[in-house]
Amino acid sequence: MEGMKKRKSVPTLDQVMDTSDQLAFIENMKKQNEENSKYFRMLFISMAFIFSFFKMYAIYKQVTDPWSMSLYMSFMSRVTSSHLLIVEALSSICFLTNAYCVVYHKPDIMPLYAPIKSKLFLFNYASSVLISLFWLYCLDWKNQVPQLVMMAGGNLIFSIIIQFVDSTWIHSHGEVDDLNNYVYDFKEI
C-alpha cells in the first residue's frame, strides 16, 4: 500500500474541489457534451438524408413508371399522380430542412440562427400536418395501419424528435456553461 500512487478519482458532490480541478471538470463536461452532440447530429443528419433520398427515389419511380411501386399501388383509385408527386416532394423538403436545423446547432452561433430555426420548425410542423392530412385521406384505416404510421406520421414524428433533440442540446449546453458561475475559490493544502 505504501508504494502505490494516490490516484485522483472523479469527485462526488460532498467533496471540496480545488479551483483548477473544478475548471478541469467543467472542461471535461464541455468536451463530452460536444462529442455527444456531434455523434447525434451525424445520426440525425444521416437519417434525414436517407429518408429524403427514399422520397426522391419514389418521385423518380412515379415519374418514370407511374404506380409501379407497391407502396403506391393501393392509392391509384384515390389520388392522382401529380398530387402524389407534390406531397412526396414536400415530404423530402421537410426531411432536408430538418437536417439543416440539426447541422446548424452550435451554441456560439445560436442567437444568429434562432429566428431562422424557429421559422423552419414552424414550416416543418405545418407541412407535416398537411402531409399527414393528405395521407389520412388516402389510406384505408382498417387495412393499411403500417402505411398509415409511416406515410401519415413519419414527417411529423421526425420533426417532433428533431425539435426535442435540438431543445435538449440547447439546454445541456446552457447548463454546462452555467457551471462556470458556480466555481468557487479554493486551494487544496
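A residue is called buried when its relative accessible area is under 20%, exposed when that value is over 50%, and partly exposed in between. By this rule Tyr 39 counts as exposed, because its relative accessible area is 54%. The structure discussed here is a predicted model, and its secondary structure comes to 5 helices and 0 strands.

**The chain as a whole**

- Read from the N terminus on, the elements of the chain follow the order α-α-α-α-α, in keeping with a count of 5 helices and 0 strands.
- The chain has 189 residues, and buried residues make up 34% of them.
- The accessible surface of the chain comes to about 12500 Å², and 68% of this surface belongs to carbon and sulfur atoms.
- Among the contacts in the chain with a separation of 6 or more, 74% are accounted for by residues that stand 24 or more positions apart.

**A patch on the surface**

- Tyr 39, whose place is in helix H1 (residues 19-64), joins Phe 40 and Leu 43 in making a nonpolar surface patch of about 300 Å².
- A residue needs over 30% relative accessible area to be part of such a patch, and Tyr 39, with its 54%, meets that cut-off.

**A buried asparagine**

- Asn 124 is found in helix H4, which covers residues 110-138, and it is buried because its relative accessible area of 0% is under the 20% cut-off.
- When its neighbours within four places in sequence are left aside, Asn 124 is in contact with Cys 94, Thr 97, Asn 98 and Ser 159.

**Aromatic rings**

- A pair of aromatic rings is described by the distance of the centres and the angle of the planes.
- A search of the whole structure finds 5 aromatic pairs, and one of them is formed by Phe 51 and Phe 95, which lie 5.2 Å apart from centre to centre with 45° between the planes, so that the pair counts as tilted.
- This pair links distant parts of the chain, since Phe 51 belongs to helix H1 while Phe 95 belongs to helix H3 (residues 81-103), and the two are 44 residues apart.
- The two partners differ in how they are covered: Phe 51 is partly exposed, because its relative accessible area of 35% falls between the two cut-offs, whereas Phe 95 is buried, with a value of 4%.
- Phe 51 and Phe 95 also belong to one aromatic cluster, which they form together with Phe 44 and Phe 158.

Definitions and conventions. Residues numbered from 1 in each chain as written. Predicted model: local features only at pLDDT ≥ 70, side-chain atom pairs only at ≥ 80, totals over all residues. Heavy atoms only, no water. Patch = residues over 30% accessible without salt bridge, like charges linked within 9 Å, V, L, I, M, F, W, Y side chains within 5 Å. Areas by Shrake-Rupley, 256 points an atom, 1.4 Å probe, with all protein chains shown as cover. Salt bridge = Lys/Arg side-chain N within 4 Å of Asp/Glu carboxyl O. Helix = DSSP H or I, 4+ residues; strand = E, 2+ residues; numbered from the N terminus. Buried < 20%, exposed > 50% of the residue type's maximum accessible area, 1.4 Å probe, protein only. Contact = heavy atoms within 4.5 Å. Phe/Tyr/Trp six-rings, centres within 6.5 Å; stacked < 30°, edge-to-face > 60°.
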